[in-house]
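Subject: Structure for you to look at

Hello,

Here is the structure I said I would pass on. Please open it first and then read the notes underneath.

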Amino acid sequence: MITIKSAEEVGKMRKAGALLHQVLEELQKLVEPGVTTAYIDQIAEKLIRDAGAIPSSKGYEGFPGSICASVNDEVVHGFPRNKPLREGDLLSIDCTLILDGWQSDSAVSVAVGKADAETERLIRVTEECFWKGLEKARAGNRIGDISAAVQQHAEKNGYGVIRELCGHGIGREMHEDPSVPNFGTAGRGVRLRPGMVFTIEPMISQGRYQTYIDDNGWTFITRDHSRCSHYEHTLVVTTGDPEILSYPGAALRRFPE
Ligand code: MF3
Ligand code: CO
Ligand code: CO
C-alpha cells in the first residue's frame with residue numbers, strides 16, 4: 001500500500017532528513033586511510049542518539065551497525081569492521097534514522113584518500129544516475145520513468161545496474177511501497193502523486209551486475225568483484241520540483257546528455 005504523506009508528516013520527514021544529511025556530512029569528514037568502518041559506525045550512532053533520534057539499521061532484522069559500510073566490490077549491507085580503510089578504497093556509507101517516528105534514508109560513496117580515475121568516474125556517474133532519476137520524480141510520471149532514466153545513464157557509461165535491490169517508499173517504516181527499481185521501462189509502473197515519499201538509490205558496478213551474498217548472510221558483493229558505488233536520497237513528490245528531504249537546499253541539478 002502506498003501512503004500519501006500530509007504536509008505535516010512531510011514536515012517531520014524534512015527534519016529527519018536534515019539531521020541525516022548533517023550526520024552523513026560529519027561521517028564523510030572521518031574517511032581517510034587507516035580509519036576503520038567500525039569507528040565511523042560508532043560516531044554515527046553517537047551523532048544520531050545525541051540528536052534524539054534512533055539509528056534504524058541497528059538491530060534491523062539483526063543488522064549489527066548504525067550504518068552499512070560497503071567497500072570496493074561490496075554493493076550494499078556491508079558490516080562495519082575493525083579493518084583499516086586503505087588509500088584508494090571506495091567506501092559507501094548508507095544510513096537510516098528515525099526522528100519523532102519518521103524515517104530518513106541516504107547513502108554516499110567516497111574515495112578513501114586518492115583513488116584511481118576509474119573509481120572517481122564510477123562515483124560521479126552513480127550520483128549523476130540519481131539526478132537523472134530525480135528529474136523524473138514528478139506528479140503524473142510513473143516509477144518506470146525514474147527506473148529507465150537511471151538505467152540509461154549507467155549503461156551509456158558502460159556500467160552495470162544492480163538488480164536485486166531497489167529504492168523504496170519510506171515513512172514510519174524504513175521500507176514501504178512502492179519499489180523503485182534502477183532498471184525498467186519508461187511509462188510503466190505506479191503513477192506518481194504529490195505526497196509520495198520514496199528513495200532513489202542507484203547501485204552501479206564497474207563490471208557486470210550479478211551479485212552474491214557474503215557468508216555473513218547480509219552483504220551483497222559483485223560476482224566479478226568489480227567495484228560498486230551507491231548513492232541514495234529520500235525525496236517527496238510535489239506539484240512542482242521534487243524535494244530531496246535528505247539534502248536540504250539541494251537544487252534540482254541537470255547533467256549534459
Ligand atoms: N539503508 C538501506 C536501504 O537503503 C537498508 C538498510 S538494511 C539494514 O534500504 F539492515 F542495514 F538496516
Ligand atoms: Co539506505
Ligand atoms: Co534505501
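**Ligand 1 and its surroundings**

A polar side-chain atom of histidine 168 lies 3.1 Å from an oxygen atom of ligand 1. Please keep in mind that this is a predicted model. Glutamate 232 has an N or O atom in its side chain that is also placed 3.1 Å from an oxygen atom of ligand 1. With aspartate 94 the partner on the ligand is a nitrogen atom: 3.1 Å separates it from an N or O atom of the aspartate 94 side chain. Around ligand 1 there are 14 residues, and those that come nearest are Asp94, Asp105, His175, Glu201 and Glu232.

**The cobalt ion (ligand 3)**

Which residues hold this ion? Its protein donors are Asp105 (OD), His168 (NE2), Glu201 (OE) and Glu232 (OE), at 2.0 to 2.1 Å. Along the sequence these donor residues follow the spacing D-x62-H-x32-E-x30-E. The site has 6 donor atoms, the angles among them run from 51 to 163°, and the arrangement is irregular. For reference, ideal angles are 90 or 180 degrees for six octahedral donors.

The cobalt ion (ligand 3) lies 3.3 Å from the cobalt ion (ligand 2), and aspartate 105 coordinates both. Two of the donors of ligand 3 link distant parts of the chain: histidine 168 is in strand β7 (residues 167-169), while glutamate 232 is in the loop between β13 (228-230) and β14 (233-236), 64 residues apart.

**The cobalt ion (ligand 2)**

Here the coordinating atoms are Asp94 (OD), Asp94 (OD), Asp105 (OD) and Glu232 (OE), at 2.1 to 2.4 Å. Aspartate 94 is thus listed with two OD entries. The spacing of the donors along the chain is D-x10-D-x126-E. Why is the arrangement around this ion called irregular? The 6 donor atoms subtend angles of 57 to 173°, and this spread makes the arrangement irregular. Aspartate 94 lies in strand β4 and glutamate 232 in the loop between β13 and β14, so this pair ties together parts 138 residues apart in sequence.

Is aspartate 94 buried or exposed? Its relative accessible area is 11%, so aspartate 94 counts as buried. The relative accessible area of glutamate 232 is 0%, so glutamate 232 is buried as well.

**Histidine 168**

Histidine 168 has a relative accessibility of 6% and therefore counts as buried. Its side chain makes a polar contact with the side chain of glutamate 201, at 3.0 Å. The histidine 168 side chain also reaches the backbone oxygen of methionine 174, at 3.1 Å. Leaving out residues up to four places away in sequence, histidine 168 touches a set of residues including Asp105, His175, Phe198, Glu201 and Glu232.

**Two helices**

Helix α1 covers residues 7-30. How far apart should the ends of its 24 residues be? At 1.5 Å a residue the expected span is 34 Å, and the end C-alpha atoms are 35 Å apart, so the two values agree. Among the buried residues of α1 are Val10, Met13, Gly17, Leu20, Leu24 and Leu27. An α-helix has 3.6 residues a turn, so residues three or four places apart point the same way. The buried residues of α1 pack against α2 (37-50), β2 (67-71), β4 (90-99), β5 (102-111), β9 (197-200) and β14.

Helix α3 (residues 117-135) has 19 residues, which should span 27 Å; the end C-alpha atoms are 27 Å apart, so this helix agrees too. Its N-terminal end is capped by aspartate 116, with a side-chain oxygen 3.1 Å from the backbone nitrogen of glutamate 118. The buried residues of α3 include Leu122, Ile123, Phe130, Trp131 and Leu134.

**Threonine 222**

Threonine 222 is in strand β12 (residues 220-222). Its relative accessibility is 0%, so threonine 222 counts as buried. The threonine 222 side chain reaches the backbone oxygen of serine 226 at 2.6 Å. Beyond its neighbours within four places in sequence, threonine 222 is in contact with Asp73, Val75, Ser205, Gln210, Thr211, Tyr212 and Cys228.

Regards

Note on methods:
Residues numbered from 1 in each chain as written. Chains lettered and ligands numbered in written order. Predicted model: local features only at pLDDT ≥ 70, side-chain atom pairs only at ≥ 80, totals over all residues. Heavy atoms only, no water. Donors = N, O, S within 2.8 Å, 3.2 Å for Na, K, Ca; no water. Tetrahedral: all angles 85-135°; square planar, octahedral: opposite > 155°, others 65-115°. Helix = DSSP H or I, 4+ residues; strand = E, 2+ residues; numbered from the N terminus. Buried < 20%, exposed > 50% of the residue type's maximum accessible area, 1.4 Å probe, protein only. Polar contact = N/O pair within 3.5 Å; in protein donor to acceptor, adjacent residues only side chain to side chain. Contact = heavy atoms within 4.5 Å. Expected span 1.5 Å × (residues − 1). Near = heavy atom within 4 Å.
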